[in-house]
Amino acid sequence: MFNWNYTHLAALRYEEALSFTSSAEYPGQYECDSWSYEGSGIVSEWDLVCSRTPLRSTVQMAVALGKFLGALIFGFVADKWGRKRSLTISCVMYIVAGPVAAFSPHYLVFCFARLALGMAGSGTFNCGFTLLTEFIAKKHRTLLGILYNMPYPVGMMLLPLIALYIENWRMLQLALSVPTVVLVLHIWFLPESPRWLVSQGRHKEAWEVVQRFSKKSEMLKASMSVVQDNSIEKGDSAKDLPVAAEHASWYKQVIASLKKLLAIFANAELRKRLLICHFAWCVTAMTYYALALNADNFTADRFVYVAVAGAVEAVSYVLPIPMLRWTGRRTTSVVLYVVSGAALLSILSIPEGMTDTIMSVAMLGRLCIGAVYSVIILQTSELFPTVNRNTAVGTSSTMSHLGSLSAPYIVDILGAQAWYIPSTICGAAVLAAGLLVLMLPETKDMELCDTVEETMERGSRDRVSLRNCCPF
């Protein structure tokens with residue numbers, strides 16, 4: 001802060017104070033340690049200003065770190081102990097962590113509660129999406145995979161409206177936490193994934209699950225074929241298929257999960273796919289959250305910025321639906337990455353004072369990055385076999401949270417150096433991601449593979465077809 005006599009300046013009229021500061025000698029600067037606040041928030045609650053400003057970024061980072069850990073932990077849990085069990089633990093954690101954050105007496109307690117919220121959110125989202133992907137028929141996978149994300153922008157648009165009426169941050173946190181009790185319903189109504197049960201050798205349980213669905217379902221037909229094929233090989237009837245043996249000790253299961261990840265890296269093709277997915281997810285998350293937190297650097301009204309971002313988010317989830325119908329996953333991803341990167345880099349050419357123009361261009365970038373978020377999740381889930389799918393999606397999500405971990409610091413620290421730095425970094429990274437995605441195979445209208453061998457066989461057929469069509 002400038003070392004003025006602020007008590008004296010406060011007693012002057014604006015013109016007099018301006019004249020005094022213009023004619024007086026430079027007073028020097030000193031590091032502030034307090035602030036005068038208006039309204040209620042965690043910044044005023046714990047003085048997260050001046051030299052403590054990074055602690056404000058850490059609050060956002062705690063959620064991102066929780067998502068990082070949640071994707072890693074719940075991804076392995078879902079592959080080893082089941083999708084439903086992982087989702088159940090996530091839902092319970094979500095219900096508990098929200099009120100704990102609302103009534104946190106200390107900054108550190110609040111950060112730990114935010115960490116738990118991040119873990120629960122990541123586990124709920126990823127396990128739910130995997131369940132959806134493994135349940136639905138191929139012809140509905142694209143539409144439902146995109147619509148799965150739609151409640152998120154609805155929540156974003158409701159958030160500033162709720163915040164306008166509930167000014168106290170603790171009551172706001174509590175009001176946002178109460179609806180999570182509805183997640184209890186998932187525990188009772190969601191069955192386990194038949195694909196996962198079959199991959200674990202639990203054919204009898206898989207048979208019981210698929211029998212609850214319509215006989216016209218593609219999933220039922222495919223699952224019946226898998227179960228019957230396995231039963232023929234073993235000489236068993238469908239009714240007498242054995243249930244898998246008792247679970248091994250927990251540390252052996254953790255080791256087995258790590259072996260699944262290592263198995264992906266041991267295969268050159270799967271390793272290439274996973275590394276590209278890791279980079280794409282990381283860049284997408286970094287850009288997504290940097291734009292979400294960048295209202296101050298764009299000098300925009302926070303309430304308006306969040307509401308507009310929510311509306312743009314809703315459009316971004318609908319946008320890929322026609323694109324995915326007309327083109328494939330890969331083409332859609334590349335186009336969205338390129339447009340987003342170009343929009344964010346073009347902000348460099350816009351004068352700082354043109355706030356509305358900057359915000360509009362930034363929202364175009366957010367529109368495309370929000371749209372590609374949906375596509376890259378769908379694409380990743382289709383690139384890997386059932387035995388490794390949740391591990392691939394989970395570790396990719398983990399890498400995405402490395403990007404979201406950096407977003408608050410990019411916005412608060414680098415943005416303080418120059419307002420355009422965050423958008424420039426994101427724009428360049430997004431363009432690089434678009435180029436790398438070109439190296440991934442197309443998965444449109446493809447059946448999900450259950451084993452690594454099936455995936456490699458399909459990849460070999462695709463490469464042969466490509467050489468026959470394009471000999472040069």
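How many of the 25 residues of H15 are buried? In this predicted model, 18 of them are buried, and H15 is mostly covered. The helix comprises residues 268-292, and at 1.5 Å a residue it should span 36 Å; its end C-alpha atoms lie 36 Å apart, in agreement with that expectation.

A further buried position is found in helix H9 (residues 169-177), which contains Gln173. The relative accessible area of Gln173 is 13%, so this residue counts as buried, the cut-off being under 20%. Leaving aside residues up to four places away in sequence, Gln173 touches Gly98, Ala101, Ala102, Arg114 and Leu117.

Side chains of opposite charge can pair when their charged atoms come close. The structure holds five salt bridges, among them the following.

| Salt bridge | Closest N to O distance |
|---|---|
| Arg13 and Glu16 | 3.6 Å |
| Asp412 and Arg56 | 3.8 Å |
| Arg366 and Glu313 | 3.2 Å |

In the salt bridge between Asp412 and Arg56, distant parts of the chain are linked: Asp412 belongs to helix H20 (residues 386-417) and Arg56 to helix H4 (residues 53-81), 356 residues apart. Asp412 is partly exposed at 25% relative accessible area, and Arg56 is likewise partly exposed at 29%.

The salt bridge of Arg366 with Glu313 also joins distant parts of the chain, with Arg366 in helix H19 (residues 355-383) and Glu313 in helix H16 (residues 302-318), 53 residues apart. Arg366 is buried, with a relative accessible area of 0%, and Glu313 is buried at 0% relative accessibility.

For the remaining tabulated pair, Arg13 is exposed at 55% relative accessible area, whereas Glu16 is partly exposed at 37%.

Conventions
Residues are numbered from 1 along each chain as its sequence is written. This is a predicted model: local features need pLDDT of at least 70, side-chain atom pairs count only at pLDDT 80 or more; totals for chains, interfaces and linings use all residues. Side-chain values use heavy atoms; hydrogens and water are left out. Helices (H or I, at least four residues) and strands (E, at least two) are DSSP runs, numbered from the N terminus. The expected span of a helix is 1.5 Å times one less than its number of residues. Buried means under 20% relative accessible area, exposed over 50%, partly exposed in between (1.4 Å probe, protein chains only). Contact means heavy atoms within 4.5 Å. A salt bridge is a side-chain nitrogen of Lys or Arg within 4 Å of a carboxyl oxygen of Asp or Glu.
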